[in-house]
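Me: I would like to go through this model slowly, asking at each step what a given word rests on. Please set each value against its cut-off before you conclude.

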Amino acid sequence: MAVIADHCPQIQVTVVDLNEERISAWNNEDLTKLPVYEPGLDAVVARARNRNLRFSTDVNDAISSADMIFISVNTPTKTKGLGSGQASDLRWVEACARQVAKYAKGHTIVVEKSTLPVRTAETVQAILQAAEQPPLDGIVPRSFVVLSNPEFLAEGTAIQDLEAPDRVLIGGEDTNAIESLAKIYGVWVPPEKILRTNLWSSELSKLIANAFLAQRISSINSVAALCEVTGADVREVSKAIGADSRIGTKFLNSGPGFGGSCFKKDILNLVYLSRHFGLPEVADYWQHVVTVNTWQQNRIARLVVKNLFGNITGKKIALFGFAFKANTNDTREAPAIRIANDLLEEGAQLAIYDPKVDPKQISIDLQLPASSNPEKTSIPTNTSLTGEGTWWPANSINEATKGSDAILILTEWEHFEDLNWKEIAPHMRQPAWVFDSRGVVNPSEVRSAGLRLWRVGDGAT
Ligand code: UDX
């Protein structure tokens, strides 16, 4: 919405949320305090805020005065009831539709921005239609059109993705409404990139785009394991296959598995829908993309244990990176969560270093408070051999690595690529290991510092 406001100063954009704390953070004078860390977002907000971009908790008022409303609420996986663990929880979408139905005035275009299961627009439409009022004397007329306009931006590159999208997708049946929305994007997006489809194709395309991207990651991660036992190198294989223009070079980086708020949720949703529509083979096919992802995370934790002589109780392991990918402070579904939990289960003492993630968030994700008295400098003593896994947030690379038996790289933060291994190695307990699940380090530098190295998909080590 900030990018729309930035490009279209003639359009008044109001972002509303019931959460007062969040809205006041969006209104904070200090742009470093915005609730989302996203490169370039602060500059966009600075330009448009208080001009034609407002953040408010007055939801009903904003609904009444809007010509177009974007429903952008979360649609997490259901945790109980029918479809639990797979289907999307649509309670917030439905609540929004009902609130719009109650407070809208005149003709309103309602745009589904949230990622939704196919045919959700039917529900939204039914709720809105029940509230339509013909233009009769004495009553305020009310009519609605529903469009689907899924968002394809990725975190960390959100502004870039919005400024120059591969495509904008608008699904709907009402040509006037579609063209009104297309006109907004048309201010900065080339016309050939604005695709128009029916409602159901648009809703489904969003799920399928994410499923295809995630499938590439599970595919390359399965190949990484094969490389490790055959002497091949997954980076060379990625390059070789990616050179085929039919395959393409992107999304072929092997790693600790995909994380983030979308991939797993959307695939599980697809699995649920496929089963619901009587297509169990289709459901099983997509389910396996998630299964391989979990396997990859467990596999990495297992091989850390195996290489540290089958025992990590009381051993210090430095975890480099906790966010689900670089350039974000988001930890939703981060591979680090499962891997850290597996290591804690084995009694490890984890020093977790991430330049952007708040330690409070790590406690929540691991469901374990940080240790109040961690051994920050010395070699582990017998006091840490109780079997209890603990963790603490390290403020720097040096702090994290002192006295550690291993370093495990889980997020590809840029500065992990050129660490000074000769400086780090002497402070570790020998024989010390580097486990590089992102393939970002320079192998010869690590080895020449006297450290043992495991790299994802590297059969030569
Ligand atoms: C994704 C989609 O890319 C985006 O189009 C959609 O709108 C939302 O979901 P996002 O979750 O922000 O975006 O991140 P993305 O860059 O796609 O990465 C997802 C995960 O896959 C991360 O954990 C990342 O580290 C991992 N990944 C990505 C790999 O392991 N290898 C790759 O080659 C690419």
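Reply: Let us begin with a cut-off: a residue is called buried when its relative accessible area is under 20%, exposed when that area is over 50%, and partly exposed in between. Please keep in mind throughout that this is a predicted model.

Me: With that cut-off in hand, what makes strand β9 mostly covered?

Reply: Strand β9 spans residues 349–353, and 5 of its 5 residues are buried. The cover is found on both faces, with Gln349, Ala351 and Tyr353 buried on one side and Leu350 and Ile352 buried on the other.

Me: How do you know that β8 and β9 are joined, and which way do they run?

Reply: Two strands are said to pair if at least two bridges are found between them. Strand β8, residues 316–320, is joined to β9 by 5 bridges, and the two run parallel, so the pair satisfies that criterion. Within this pairing, Leu319 has Ile352 of β9 as its bridge partner.

Me: Which residues of strand β6 are buried, and on which sides?

Reply: Strand β6, residues 168–171, has both faces covered, since Val168 and Ile170 on one side are buried, as are Leu169 and Gly171 on the other. A parallel partner, strand β7 (residues 194–197), is joined to β6 by 4 bridges, and Leu169 stands opposite Leu195 of β7.

Me: Turning to the ligand, which residues come nearest, and what kinds of residue form the shell?

Reply: There are 19 residues around the ligand, of which Phe152, Leu153, Glu155, Asn253 and Arg438 come nearest. By class the shell holds 11 nonpolar, 3 polar and 5 charged residues. Helix α9, residues 199–230, gives the most to this shell, with 4 residues, while domain 1 (2–206) and domain 2 (294–455) each supply at least three.

Me: What makes the approach of Phe152, Leu252 and Arg438 to the ligand count as polar contacts?

Reply: The cut-off for such a contact is a pair of N or O atoms within 3.5 Å. A polar backbone atom of Phe152 is 2.6 Å from an oxygen atom of the ligand, and a polar backbone atom of Leu252 is 3.4 Å from a ligand oxygen. For Arg438 the partner is an N or O atom of the side chain, at 2.8 Å from an oxygen atom of the ligand. Each of these distances is within 3.5 Å, and therefore each pair counts as a polar contact. As for cover, the ligand taken alone exposes 670 Å², and the protein buries 90% of that.

Me: Why is Arg438 called buried?

Reply: Arg438 has a relative accessible area of 19%, and because buried means under 20%, the residue falls on the buried side of the cut-off. Arg438 lies in the loop between β12 (433–436) and α17 (443–448). Besides the ligand contact, the side chain of Arg438 reaches the backbone oxygen of Phe324 at 3.1 Å, and a polar atom of that side chain lies 2.9 Å from the backbone oxygen of Leu410.

Me: Why is Ser238 also given the word buried?

Reply: The relative accessible area of Ser238 is 12%, which is under 20%, so Ser238 is called buried. Ser238 has its place in helix α10, residues 234–242.

Me: Why is Asn329 called partly exposed?

Reply: Asn329 has a relative accessibility of 32%, and because this value is neither under 20% nor over 50%, the residue counts as partly exposed. Asn329 lies in the loop between β8 and α13 (335–345). Asn329 and Lys356 are 27 residues apart in sequence, and their C-alpha atoms are 5.1 Å apart in space.

Me: Why are Asn50 and Gln367 called exposed?

Reply: The relative accessibility is 65% for Asn50 and 73% for Gln367, and as exposed means over 50%, both residues therefore count as exposed. Asn50 is found in the loop between α3 (41–48) and β2 (53–56), and Gln367 in the loop between α14 (359–366) and β10 (390–393).

Me: What is the phi value of each of these two residues?

Reply: Phi is near 65° for Asn50, a positive value in a residue other than glycine, and near 50° for Gln367, again positive in a residue other than glycine.

Definitions and conventions
Residues are numbered from 1 along each chain as its sequence is written. This is a predicted model: local features need pLDDT of at least 70, side-chain atom pairs count only at pLDDT 80 or more; totals for chains, interfaces and linings use all residues. Side-chain values use heavy atoms; hydrogens and water are left out. A residue is near a molecule or strand if one of its heavy atoms lies within 4 Å of it. A polar contact is a pair of N or O atoms within 3.5 Å; within protein, one must be able to donate a hydrogen and the other to accept it, and residues adjacent in sequence count only if both atoms are side-chain atoms. Accessible areas come from the Shrake-Rupley method with a 1.4 Å probe; for residues, only the protein chains shown count as cover. Ala, Val, Leu, Ile, Met, Phe, Trp, Tyr, Cys and Pro count as nonpolar, Asp, Glu, Lys and Arg as charged, and the others, Gly among them, as polar. Domain bounds come from an automatic or database domain assignment. Buried means under 20% relative accessible area, exposed over 50%, partly exposed in between (1.4 Å probe, protein chains only).
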